[in-house]
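This report walks through the helices of one protein chain and how they pack. Have the sequence and the structure at hand while reading.

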Amino acid sequence: MGENELMTWLQEWFERFMSRFDRLDGNLQDISGRYNFLDGERLLDNQDVCQLLHVSKRTLQRYRTSGQLPYQTIYHKTYYRESDVEAFIKLHFSKGDDHEKAGPQG
């Protein structure tokens, strides 16, 4: 491979490499902008909270219905204030709790 061919190959490789970084940067921007905020506080949706608590949507529904986990409905979609979810976790999933794996009893 001659010097010109090597330079061409390196240039093409570098351009492909940088285009992948550009795509990654775009994906990160999409992810970082997907949260909603209310009064400066981040709102989590059902999927976020289910993943965070490792529970099903039905279990999350029980927490809402029983009043254990406060929520807000905005345009027919359910949201949870991040601070409410954190308080729920501290109350029901404390360290050393024998029921930690079973989740909160209600």
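A helix axis here is a line fitted to C-alpha atoms over the stretch in contact, and the angle between two axes runs from 0 to 180 degrees between N-to-C directions. Two packed helices are described by the angle between their axes and the distance between the axes.

The model is predicted. Its protein chain has 4 helices and 4 strands, and along the sequence these follow the pattern α-β-β-α-α-β-β-α. Of the 106 residues in the protein chain, 23% are buried. Among the contacts in the protein chain with a separation of 6 or more, 46% join residues 24 or more positions apart.

**Helix packing**

At what angle do α2 and α3 pack? The angle is about 100°, and the axes are 10 Å apart. Angles of 65 to 115 degrees count as roughly perpendicular, so α2 is roughly perpendicular to α3. From α2, the residues N46, V49, C50 and L53 make this contact, and from α3 the residues K57, L60, Y63 and R64. Sorted by class, the contact of α2 with α3 has 5 nonpolar, 1 polar and 2 charged residues.

Helix α2 (residues 46-53) also meets helix α4 (residues 82-92): their axes come within 12 Å and cross at roughly 25°. Angles under 35 degrees count as roughly parallel, so α2 is roughly parallel to α4. The crossing of α2 and α4 is right-handed. Here V49, L52 and L53 in α2 meet V85, F88 and I89 in α4. The residues of this contact comprise 6 nonpolar, no polar and no charged ones. V49 and L53 are thus named in the contact of α2 with α3 and in the contact of α2 with α4.

**Buried and exposed faces**

Which residues of helix α3 are buried? In α3 (residues 57-65) they are T59, L60, Y63 and R64. Seen down the axis of α3, these residues fall within an arc of 145°, so they line one face of the helix. The face of α3 turned away from this buried side carries the exposed residues R58 and T65. The cover over the buried residues of α3 includes α2, β4 (77-81) and α4.

Helix α4 can be read in a similar way. Its buried residues are V85, F88 and H92. They cover an arc of only 60° around the axis, which puts them on the same side of α4. K90 and L91, on the other side of α4, are exposed. The buried residues of α4 pack against β2 (41-45), α2, α3 and β4.

**Two residues at the join of β4 and α4**

R81 has its place in strand β4, and E82 lies in helix α4. Buried means under 20% relative accessible area; R81, with a relative accessible area of 18%, is therefore buried. E82 has a relative accessible area of 24% and is partly exposed. Leaving aside neighbours within four places in sequence, R81 is in contact with L38, D39, E41, R42, L43 and Q72. On the same terms, E82 is in contact with E41, R42 and L44. How far apart are E82 and D45 in space, C-alpha to C-alpha? They are 9.9 Å apart, although 37 residues separate them in sequence.

**Residues with positive phi**

Most residues other than glycine have a negative phi. The table lists residues with a positive phi.

| Residue | Place | Phi |
|---|---|---|
| H54 | loop between α2 and α3 | about 60° |
| Y75 | loop between β3 (72-74) and β4 | about 50° |
| G67 | just after α3 | about 85° |

H54 and Y75 have a positive phi although H54 is not a glycine and Y75 is not a glycine. Are these two loop residues buried or exposed? Exposed means over 50% relative accessible area. H54 has a relative accessible area of 72%, so it is exposed. Y75 has a relative accessible area of 77%, so it is exposed too.

Notes
Residues numbered from 1 in each chain as written. Predicted model: local features only at pLDDT ≥ 70, side-chain atom pairs only at ≥ 80, totals over all residues. Heavy atoms only, no water. Parallel < 35°, antiparallel > 145°, perpendicular 65-115°, else oblique. Left-handed = near helix turned anticlockwise from the far one by under 90°. Contact = heavy atoms within 4.5 Å. Nonpolar A, V, L, I, M, F, W, Y, C, P; charged D, E, K, R; others polar. Buried < 20%, exposed > 50% of the residue type's maximum accessible area, 1.4 Å probe, protein only. Arc of directions from axis to C-beta.
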